[in-house]
Amino acid sequence: GTGSEGSTSTTLRNPRGIFLDENNSTLFVADCGNNRIQKFRFGSFQGETILSNGTFELNCPNGITLDNEGFVFVVDSNNHRIIGQNSNGFHCLVGCNQSAGSNRNQLSSPSNLQFDLFGNIFVVDQQNHRIQKFDLIIIAGQWKSTGNMAVARYGHTASILSNGKVLITGGYNGGYLNSAELYDPSTGNWTTTRTMSVARYGHTASILSNGKVLVTGGGYLNSAELYDPSTGNWTTTGTMSVARYGHTASLLSNGKVLVTGGDTGSGYLNSAELYDPSTGNWTTTGKMSVARYQHTASLLSNKTILVTGGCCSLNSAELY
């Protein structure tokens, strides 16, 4: 800072919290008035913005700390929540509905936070006049049990929703399942949510740009349906041109979903099709060079899709 408020790389406005990373000679600043987190390297007065309203809506960040792996954790005070970083970016951890409250998974104008040696995080819950302890972080290389699902299942899907919860759908347990449940990382508990319209196993689940979850196929079905996290309701949408099981689904940069391959019950597929969320319709697209089942599909940085392997014993790969 220069002694005068501002929003440039060398100025701050009402800074509230700092963390000194001595191992890397780096200073992190919670710049409340600019709703951003700044990082200053040793010997430089030029700050680098690592978190701001451009990437995550902040409202007067206060406390800031780093975990043992160097990931950043922030008290977003006026949004009454804790934001944490991992290898996939920043995510809300506690208070994700952004409203003040006094329940165990809520905060009210939190002001600071700190880790202990076991990965527990302690939060100064200012307006609730208490210190909250959250067992959010697992020490690297160790496993820790958490709450059990309502029903055993395999061949199911798991999707991280925008509110930080995890949606589990379908699977198999003596028969195909249509049930779904939600995991809350802030409590470690599971709650059931509404069931899908049909039981599914070996299906896919994709988070759309509007926050809804598209579930496709499974158990040799061509149907698809949408889960709305804001209501907990499922609605059917357009059907695929062919039934698929053990296929892939990839969210493209244009918001459409590419589905490839799979098994119809009578043979493996090399066909592919696209789902358009704006219309709810499917259209076929170019076929793969070979039929694939239980393969993988990855979105690359150049926006192409890399498809690899698949049954049975394929070592080939191709790009869409």
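Cys-60 lies in the loop that runs between strand E4 (48-52) and strand E5 (61-66). This residue has a positive phi of about 60 degrees, although Cys-60 is not a glycine. At 7% relative accessibility, Cys-60 counts as buried, because the cut-off for buried is under 20% relative accessible area. The model described here is predicted.

**Backbone angles**

Most residues other than glycine have a negative phi, and most peptide bonds are trans. Against that background, a few places in the chain can be listed. Ser-25 is another residue other than glycine with a positive phi, in this case near 50 degrees. Ser-25 is found in the loop between strand E1 (15-21) and strand E2 (26-31). Is Ser-25 buried or partly exposed? With 38% relative accessibility, Ser-25 counts as partly exposed, whereas Cys-60 counts as buried at 7%.

A further place concerns a peptide bond. The bond from Cys-311 to Cys-312 is cis, and its omega is near 10 degrees. Cys-312 belongs to the loop between strand E25 (305-308) and strand E26 (317-319).

**The chain as a whole**

What does the chain contain in the way of helices and strands? The chain has 0 helices and 26 strands. Its C-alpha atoms fill a box of roughly 70 × 40 × 40 Å, taken along the principal axes. Of the 320 residues in the chain, 46% are buried. The accessible surface of the chain comes to about 16000 Å², and carbon and sulfur atoms account for 48% of that surface.

Charged side chains number 20 positive and 20 negative, and the centres of these two sets lie 5 Å apart. Contacts can also be sorted by how far apart the partners are in sequence. Among contacts between residues at least 6 apart in sequence, 37% join residues at least 24 apart.

**Four buried residues**

The table gives the relative accessible area of four residues that count as buried.

| Residue | Place | Relative accessible area |
|---|---|---|
| Met-240 | loop between strand E19 (233-237) and E20 | 2% |
| Val-72 | strand E6 (residues 72-76) | 3% |
| Ser-108 | loop between strand E8 (89-94) and strand E9 (112-115) | 12% |
| Trp-282 | strand E23 (residues 281-285) | 13% |

Val-72, in strand E6, has contacts that can be listed once neighbours within four places in sequence are left aside. Val-72 is then in contact with Phe-28, Ile-50, Ile-64, Thr-65, Leu-66, Ile-83, Gly-84, Gln-85 and Phe-90. Val-72 and Ile-305 are 233 residues apart in sequence, and their C-alpha atoms are 31 Å apart in space.

Which residues touch Ser-108, when neighbours within four places in sequence are left aside? Ser-108 is in contact with His-80, Ala-100, Gly-101, Asp-125, Gln-126, Gln-127 and Asn-128. Ser-108 itself sits in a loop and is buried.

Trp-282 and Met-240 can be read together. Not counting residues up to four places away in sequence, Trp-282 touches a list of residues that includes Leu-214, Val-257, Leu-274, Tyr-275 and Met-240. Seen from the other side, Met-240 is in contact with Trp-282, and also with Gly-217, Leu-221, Asn-222 and Ser-223, among others. Thr-216, Val-259 and Glu-273 are among the residues that Trp-282 touches, and Thr-216, Val-259 and Glu-273 are also among the contacts of Met-240.

Two distances add to this picture. The C-alpha atoms of Met-240 and Ala-224 are 7.3 Å apart in space, while the two residues are 16 residues apart in sequence. Trp-282 and Leu-221 are 61 residues apart along the chain, and their C-alpha atoms are separated by 15 Å.

**A pocket**

Rolling a probe the size of a water molecule over the atoms shows where empty space is left. The second largest pocket has a volume of about 320 Å³. Which residues are the closest to the centre of this pocket, of the 22 that line it? They are Thr-204, Ala-205, Ser-206, Thr-248 and Ala-249. The elements that give two or more residues to the lining of the second largest pocket are strand E12 (157-160), strand E16 (204-207), strand E20 (248-251) and strand E24 (296-299).

Conventions
Residues are numbered from 1 along each chain as its sequence is written. This is a predicted model: local features need pLDDT of at least 70, side-chain atom pairs count only at pLDDT 80 or more; totals for chains, interfaces and linings use all residues. Side-chain values use heavy atoms; hydrogens and water are left out. Buried means under 20% relative accessible area, exposed over 50%, partly exposed in between (1.4 Å probe, protein chains only). Contact means heavy atoms within 4.5 Å. Accessible areas come from the Shrake-Rupley method with a 1.4 Å probe; for residues, only the protein chains shown count as cover. Lys and Arg count as positive and Asp and Glu as negative; His and the chain ends are not counted. The place of a charge is taken as NZ of Lys, CZ of Arg, CG of Asp or CD of Glu. On a 1 Å grid over the protein atoms alone, a cavity is a set of points where a 1.4 Å probe fits but cannot get out, and a pocket is an open set with protein on both sides within 12 Å along at least five of seven lines; lining residues have an atom within 4 Å of a point. Grid points are joined across faces, edges and corners, and a volume is the space filled by probe spheres set on the points.
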